[in-house]
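The exercises that follow are meant to be worked with the sequence and the model side by side. Each one sets a task and then goes through a solution step by step.

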Amino acid sequence: INTINDSFDLDIQRFAMFDFWSAASLVDAVGGVEIDISQEEISHLNSNLRGQLRLIGDPDQSPDVTTAGRQIIDGNQAIAWARIRALDSDAMRTSRQRTVMTAMIDQFSDAGPATLLSFVNSGLSSFETNMRNTDMIRVGLNGLPVARHVVEYRVPQDGFYTIQSNPWMMIVDWNRQIPALHDFIWGDVD
């Protein structure tokens, strides 16, 4: 949080975060997510999935994905899909991660009381946070009415960086990027 605050001239005080493993549990807690999987992604997804399942010691926990198209996938499958990098690019990988997050928010928004209660019971322990559980529940319930209106912003924004090839790195124009981020968050900022 200190690095984010220092790098982007922010003052974040409260946070909630989760990793790949807890994200899989959260996806399962909302009943899976609907994702449109391309034919080209299937082999990469399944390779990632088998590696993940070996790491958790349960190789049969989630089946391979065998068909392309829009489908409901479980948490392990969703994380394996979101981790695909070799097929295209890191930008596409982070796009997949945002797609999984948005699909999870959509599922949560459509959930009935029983699913929401199950999510609260199992899901809150998946977050690392400096917020109390009651605050997390309040934020979640207050966010439900606007959950379908999530607006994304990616840093660095296109046009605000150059690529250095050897060694590979993005060189960000912070003098343009930070005001653009602040404008996205708070509106017109002078």
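**Exercise 1. The surroundings of a tryptophan**

Task: find which residues are in contact with tryptophan 81, leaving aside its neighbours within four places in sequence.

Solution. Tryptophan 81 is in contact with Ile35, Asp36, Ile37, Glu41, Leu45, Arg96, Thr99 and Val100, once neighbours within four places in sequence are set aside. These positions come from a predicted model. The next step is to look at the largest nonpolar core, which has 24 residues, and of these Val33, Ile35, Ile37, Leu45, Ile73, Trp81 and Val100 touch the most other members. The elements that give two or more residues to this core are H2, S2, H3, H4 and H5.

**Exercise 2. The two faces of a strand**

Task: determine which side chains of S2 are buried, and then identify how S2 pairs with strand S3.

Solution. Going along S2, the side chains alternate, with Val33, Ile35 and Ile37 pointing to one face, where they are buried, while Glu34 and Asp36 point to the other face and are not buried. Strand S3, which covers residues 69-73, pairs with S2 in the antiparallel sense, and five bridges hold the pairing. To fix the register, take glutamate 34, whose bridge partner in S3 is isoleucine 72.

**Exercise 3. A helix checked against its expected length**

Task: compare the span of helix H3 with the value expected at 1.5 Å a residue, and then describe its buried residues.

Solution. Helix H3 has 18 residues, 39-56, and should therefore span 26 Å at 1.5 Å a residue; its end C-alpha atoms are 26 Å apart, which agrees. The buried residues in H3 are Glu41, Ile42, Leu45, Asn46, Asn48, Leu49, Gly51, Gln52 and Leu53. The partners against which the buried residues of H3 pack are helix H2 (20-29), strand S2 (33-37), helix H4 (75-82) and helix H5 (90-110). After H3 comes glycine 57, which has a positive phi, near 80°.

**Exercise 4. An arginine in H5**

Task: decide whether arginine 93 counts as buried or exposed, and list what it touches.

Solution. Begin by placing arginine 93, which lies in helix H5. Its relative accessibility is 16%, and because buried means under 20%, arginine 93 counts as buried. Leaving out residues up to four places away in sequence, arginine 93 touches Ala82, Arg83, Ile84 and Arg85.

**Exercise 5. The largest pocket**

Task: state how much space lies in the largest pocket, and say which residues and elements line it.

Solution. The largest pocket holds about 1800 Å³ of space. It is lined by 43 residues, of which Ala16, Phe18, Met101, Ile105 and Phe127 are the closest to its centre. Two or more lining residues come from each of strand S1 (16-17), H2, H4, H5, helix H6 (113-123) and helix H7 (133-143). Among the elements, H5 gives the most to this lining, with nine residues.

**Exercise 6. A hairpin, and the chain as a whole**

Task: describe how strands S5 and S6 are joined, and then set them within the whole chain.

Solution. Strand S5 (residues 161-165) and strand S6 (residues 168-172) run antiparallel and are joined by five bridges. With two residues between them, S5 and S6 form a hairpin, and serine 165 has tryptophan 168 in S6 as its bridge partner. The chain contains eight helices and six strands, and buried residues make up 33% of its 190 residues. Of the contacts in the chain with a separation of 6 or more, 65% are between residues 24 or more positions apart.

How values were computed: Residues numbered from 1 in each chain as written. Predicted model: local features only at pLDDT ≥ 70, side-chain atom pairs only at ≥ 80, totals over all residues. Heavy atoms only, no water. Helix = DSSP H or I, 4+ residues; strand = E, 2+ residues; numbered from the N terminus. Expected span 1.5 Å × (residues − 1). Buried < 20%, exposed > 50% of the residue type's maximum accessible area, 1.4 Å probe, protein only. Contact = heavy atoms within 4.5 Å. Core = buried A, V, L, I, M, F, W, Y, C linked by side-chain atoms within 4.5 Å. Pairing = 2+ DSSP bridges. 1 Å grid on protein atoms, 1.4 Å probe; cavity = no way out; pocket = protein on both sides within 12 Å on 5 of 7 lines; lining within 4 Å. Points joined across faces, edges and corners; volume = space filled by probe spheres on them.
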